[in-house]
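Visitor: I would like a close look at one part of this model, the strands and what packs around them. Please keep to what can be checked on the display.

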Amino acid sequence: MGTRRTAKVAEAIRQVVSTAVLFELRDPRVSDITILSVEVPTDLRTAKIRVSVMGDERDQKLCMQGLNSARGFLQSRIADRLDLRYTPVLTFVLDDGIKKSIEASRILREIAEQRQPDAPNAGDVEVEQESAPDGPADPESPSDSNPDSSVQ
């Protein structure tokens, strides 16, 4: 029973905080932020909010400072909108998983571009296929590519 309830509370907290950050928070430091997930223990007294901030390290640090200074405001929004015995104390954690996945895909794309010129051209493949023996590989299947091969 506890895990289902904590999952529902965590999702409700994520929605309330996301909406408040997007529409109600007026701090210019808090921008280009995504609320990824919320972890809530079974006693519901704390909530660890994982956020992703786009930008360089300086922008991330400023955004985290802005979130920490707006913690009381966000907790009051949670208290207003959710009917809980205790309002959870919020802690914000910077999650750089999205940035790492973007960097990994960029590296993979670069590797693919470097290997692409090494791959054989389409014309080279056709030449190799034409120089193959005239007889079909499977004697039961007829060869439509070379009409002279059936005349032998």
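In what sense do β2 and strand β3 (residues 89–94) pair, and over how many bridges?

Guide: β2 and β3 pair in the parallel sense, over six bridges. This is a predicted model, in which local features need pLDDT of at least 70 and side-chain atom pairs pLDDT 80 or more, while totals for chains, interfaces and linings use all residues. Residues are numbered from 1 along each chain as its sequence is written, and side-chain values use heavy atoms, without hydrogens or water.

Strands here are DSSP runs of E with at least two residues, helices are runs of H or I with at least four, and both are numbered from the N terminus. Two strands pair if DSSP finds at least two bridges between them. Within the parallel pair, Ala47 stands opposite Leu90 in β3. Strand β2 (residues 46–53) also pairs with β1, in the antiparallel sense and again over six bridges. There, Val38 stands opposite Ile49 of β2. The hairpin of β1 and β2 has six residues between its strands, and Leu44 takes a positive phi near 60° in it.

The strands also contribute to the largest nonpolar core, which has 28 residues. Such a core is a set of buried Ala, Val, Leu, Ile, Met, Phe, Trp, Tyr and Cys residues joined through side-chain atoms within 4.5 Å; buried means under 20% relative accessible area, exposed over 50%, and partly exposed in between, with a 1.4 Å probe and protein chains only. The elements giving two or more residues to this core are α1, β1, β2, α2, α3 (71–81) and β3. Its largest share, eight residues, comes from α1. Ile13, Ile33 and Leu67 have the most contacts inside the core. Beyond its neighbours within four places in sequence, Leu67 is in contact (heavy atoms within 4.5 Å) with Val21, Val30, Ile33, Val51 and Phe92.

Ahead of β1 (33–39), the loop that follows α1 (2–24) holds Asp27, which counts as buried because its relative accessibility is 17%. The Asp27 side chain makes a polar contact with the side chain of Arg29 at 2.9 Å. A polar contact is a pair of N or O atoms within 3.5 Å; within protein, one must be able to donate a hydrogen and the other to accept it, and residues adjacent in sequence count only if both atoms are side-chain atoms. Asp27 is also in contact with Gly66 and Ser69, leaving aside neighbours within four places in sequence. Arg29 and Leu62 are 33 residues apart in sequence but 5.7 Å apart in space, C-alpha to C-alpha. Leu62 belongs to helix α2 (residues 57–69) and is partly exposed, at 28% relative accessible area.
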